[in-house]
Amino acid sequence: MITIPYLTALSTYFSYGLLFAFGQLRDFFRKIIDWWQSGDLQGYAPICLGLEDFYIRRLYNRIQDCFGRPISSAPDAWFDVVERYSNDNNKTLKRTTKISRCLNLGSYNYLGFAASDEYCTPRAIESLKKFSPSTCSSRVDGGTTTLHKELEECVANFVGKPDAMVTGMGYVTNSAILPILVGKGGLIISDSLNHNSIVNGARGSGATVRVFQHNTPSHLEKVLREQISEGQPRTHRPWKKIIVIVEGIYSMEGELCQLPEIVAICKKYKAYVYLDEAHSIGAVGKTGRGVCELLGVDTADVDIMMGTFTKSFGSCGGYIAGSKEVIQYLKYTCPAHLYATSVSPPAAQQIISAIKVILGEDGTSRGAQKLARIRENSNFFRSELQKMGFEVLGDNDSPVMPIMLYNPAKIPAFSRECLKQNVAVVTVAFPATPLLLARARICISASHTKEDLLRALEVCFSST
């Protein structure tokens, strides 16, 4: 739970209050001016209405140059950012031909595999020649290649589960699979700060959804006890199944899940554990096997292990790992497997090659060096930020470091000032975070050098 200092909360509320008041005033006068003019909708109702539309027009559009910046190179430690300009107060942005070479503190390139790699890249190129960029088919039709079968075996062995299934998109892995795993008569107990893909998957399942306080095992146990004693709504029958969903590393907080305590509680109350390792698999643990390895949890105690390949492996797609029976059932029923185009073969080869490097199966120690470097870089950068007085969220070993900004005026100021000094950062605000909890999210990579990190610290300090 983030505790906001009183004065900070007061000034942030005051800033949003001013924005809201003046924005509403301008909208009022705009309605008067437009009263005598014919509307463009010709009888249709506006698609966008309400406070979120107001927020987009009056705040987001004015600072949208801080978001969605196009790049024109691989997302390595340094990358090329395309400069943009606007002639209508940021309502629309146009690209220029100018390029800024910037230090990359925003990409999820935790192990540095997103750039050209001496082992992975040649093999990905060779697979492109052999299989083409796309299978142009779903897995159950003509979209399963030998690479997909090898990838699923490789992932299952890597995460320590009997079997695995891969999908073409990380977000869909959660949103499409949760409705298959649990439905009406089931109960989902979700961490309050779980990713939007989990939220949408839970909502679409038809199951009853309950939320426990972020990363608080004691409250999880309280919710479990209450729900088991009460049973299903109206009928009070026992739940058909109960699934507790948590993340390995929370992407907006950088915190490690209190997995040992949560697993112990779930075993006590016979609830299934669903672990989302999108940001932790490959990035933490002695051999990169995620939070189970880092925190000493037996993977047999985690029923469903989910992860993505878009972070540590420099590719795309996601996976679900579990028992052979569960994976076989998902392959028969999951729409992400039955209807969506399968993972691109070169992307599959990239993942296989990256895992081999991490495990040292490429014949070198580069994987172990990358894992040691990401850990050292993350802990060094976090400790230095804290020494400089920044309010940094998260735990040691986590490569995700949110720096709290709070005030809406600080969002564009921090982002633009960093960009002026050739450091690209990601700022995050509502609706991705609560209104008062705007932040800059720093993502550290094994490809960053000590000089890169010192440069980043200098720029972050001068930009605040």
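**Rings, cores and a one-sided helix**

The charged end of Lys-370 sits over the ring of Phe-113, 4.8 Å from its centre; such a placement requires NZ of Lys or CZ of Arg within 6 Å of the ring centre and within 35 degrees of the ring normal. Lys-450 likewise lies over the face of Phe-380, at 4.6 Å from the ring centre. The model is predicted, so local features need pLDDT of at least 70 and side-chain atom pairs pLDDT 80 or more, whereas totals for chains, interfaces and linings use all residues. Residues are numbered from 1 along each chain as its sequence is written, and side-chain values use heavy atoms, leaving out hydrogens and water.

Rings also meet one another. Eight aromatic pairs are found, counting rings of Phe, Tyr and Trp (its six-membered ring) with centres within 6.5 Å, and calling planes under 30 degrees apart stacked, over 60 edge-to-face and the rest tilted. Tyr-108 and Tyr-110 make a tilted pair, with 6.3 Å centre to centre and 55° between the planes. Of these two, Tyr-110 is buried at 0% relative accessible area, while Tyr-108 is partly exposed at 26% (buried is under 20%, exposed over 50%, partly exposed in between, with a 1.4 Å probe and protein chains only). Phe-158 and Phe-313 pair edge-to-face, at 6.2 Å centre to centre and 80° between the planes. This pair joins helix H4 (residues 146-159) to the loop between strands E8 (304-308) and E9 (318-322), bridging 155 residues of chain; helices (H or I, at least four residues) and strands (E, at least two) are DSSP runs numbered from the N terminus. Phe-158 and Phe-313 belong to one aromatic cluster with Phe-309 and Tyr-319.

Turning to the interior, the largest nonpolar core holds 84 residues, of which Ile-189, Val-244, Val-246, Leu-259 and Phe-381 touch the most other members. A core here is a set of buried Ala, Val, Leu, Ile, Met, Phe, Trp, Tyr and Cys residues joined through side-chain atoms within 4.5 Å. Helix H12 (residues 345-359) supplies the largest share of this core, eight residues. Apart from it lies another core of 21 residues, including Leu-181 and Ile-327.

Helix H14 (residues 410-420) buries Ile-411, Pro-412, Phe-414, Ser-415 and Cys-418. These residues lie on the same side of H14 because they cover an arc of only 170° around the axis, taken from the directions from the helix axis to the C-beta atoms. Their packing partners are strands E10 (400-406), E11 (423-424), E12 (426-428) and E13 (438-443) and helix H15 (450-463), with contact meaning heavy atoms within 4.5 Å.
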